[in-house]
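Below is a colleague's note on the ligand site of this model. Please read it with the coordinates open.

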Amino acid sequence: MKKIWIPLILVTFFMPVIAFADGRADYRANCASCHSAYPNGYPDFEKAKAMKVSQKKLALSASEMSRDEMIAITEKGKGAMPGYKDKLAKDQITGIVDYIISAVKKK
Ligand code: HEC
């Protein structure tokens, strides 16, 4: 009888995560391979070397771009980075950028 509470508690606990997970899921699917699993993580050295960019350039936590600039780069691409204009919907791109900003925000 007591067991019935466990799923209920889990659902309540993860509800906010589920509701805002889109940007994160899209980031994981499209950006993590180059920019590391989390936007505030440290990108892979070999990966950066293969693309002839510094690790810092791939570290989104080091980016000084505004939200609009990040959206523009994500749409158009730059250097070794492909553009996502035709691959992702506009609200997916803004969702990813908002996720990045919230993940790297300095407190
Ligand atoms: C194939 C690897 C690759 C993938 C996948 C990729 N990027 Fe990039 N990204 C790069 C590289 C390389 C740069 C550096 C470009 C340059 O300045 O030469 C970069 C730069 C950026 C920058 C600019 C950072 C700064 O301040 O200079 C942003 C923002 C960014 N990427 C966001 C994204 C997002 C969002 C996604 C997923 C939708 C993504 N990237 C997917 C390789 C990638």
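The points that follow take up the ligand's placement, its iron atom and its polar contacts.

1. Placement. The model is a predicted one, and the note should be read with that in mind. The ligand sits in the largest pocket, where 22 residues surround it, the closest being C31, C34, H35, S63 and M81.

2. Make-up of the shell. Sorted by class, the residues around the ligand comprise 15 nonpolar, 5 polar and 2 charged ones. At least two shell residues come from each of the helices α3 (32-35), α5 (55-58), α6 (67-76) and α7 (90-104).

3. Iron donors. Which protein atoms act as donors to the iron atom of the ligand? They are NE2 of H35 and SD of M81, which lie 1.9 to 2.1 Å from the iron. Because H35 belongs to helix α3 while M81 lies in the loop between α6 and α7, this pair ties together parts of the chain that are 46 residues apart in sequence.

4. Geometry at the iron. The iron atom of the ligand has 6 donor atoms, and with angles of 84 to 180 degrees among them the site is octahedral. For comparison, the ideal angles for six octahedral donors are 90 or 180 degrees.

5. Polar contacts. Oxygen atoms of the ligand are approached by side chains at several places: a polar side-chain atom of S63 lies 2.7 Å from a ligand oxygen, and a polar side-chain atom of K57 lies 3.3 Å from a ligand oxygen. For K78, an N or O atom of the side chain is likewise 3.3 Å from an oxygen atom of the ligand. S63 is also listed among the closest residues around the ligand.

Methods:
Residues are numbered from 1 along each chain as its sequence is written. This is a predicted model: local features need pLDDT of at least 70, side-chain atom pairs count only at pLDDT 80 or more; totals for chains, interfaces and linings use all residues. Side-chain values use heavy atoms; hydrogens and water are left out. A residue is near a molecule or strand if one of its heavy atoms lies within 4 Å of it. A polar contact is a pair of N or O atoms within 3.5 Å; within protein, one must be able to donate a hydrogen and the other to accept it, and residues adjacent in sequence count only if both atoms are side-chain atoms. On a 1 Å grid over the protein atoms alone, a cavity is a set of points where a 1.4 Å probe fits but cannot get out, and a pocket is an open set with protein on both sides within 12 Å along at least five of seven lines; lining residues have an atom within 4 Å of a point. A molecule sits in a cavity or pocket if more than half of its atoms lie within 2 Å of its grid points. Helices (H or I, at least four residues) and strands (E, at least two) are DSSP runs, numbered from the N terminus. Ala, Val, Leu, Ile, Met, Phe, Trp, Tyr, Cys and Pro count as nonpolar, Asp, Glu, Lys and Arg as charged, and the others, Gly among them, as polar. Donors are N, O and S atoms within 2.8 Å of the metal (3.2 Å for Na, K and Ca); water is not among the atoms, so sites may look incomplete. Four donors count as tetrahedral if all angles lie between 85 and 135 degrees; four count as square planar and six as octahedral if opposite donors are over 155 degrees apart and all others between 65 and 115; anything else is irregular.
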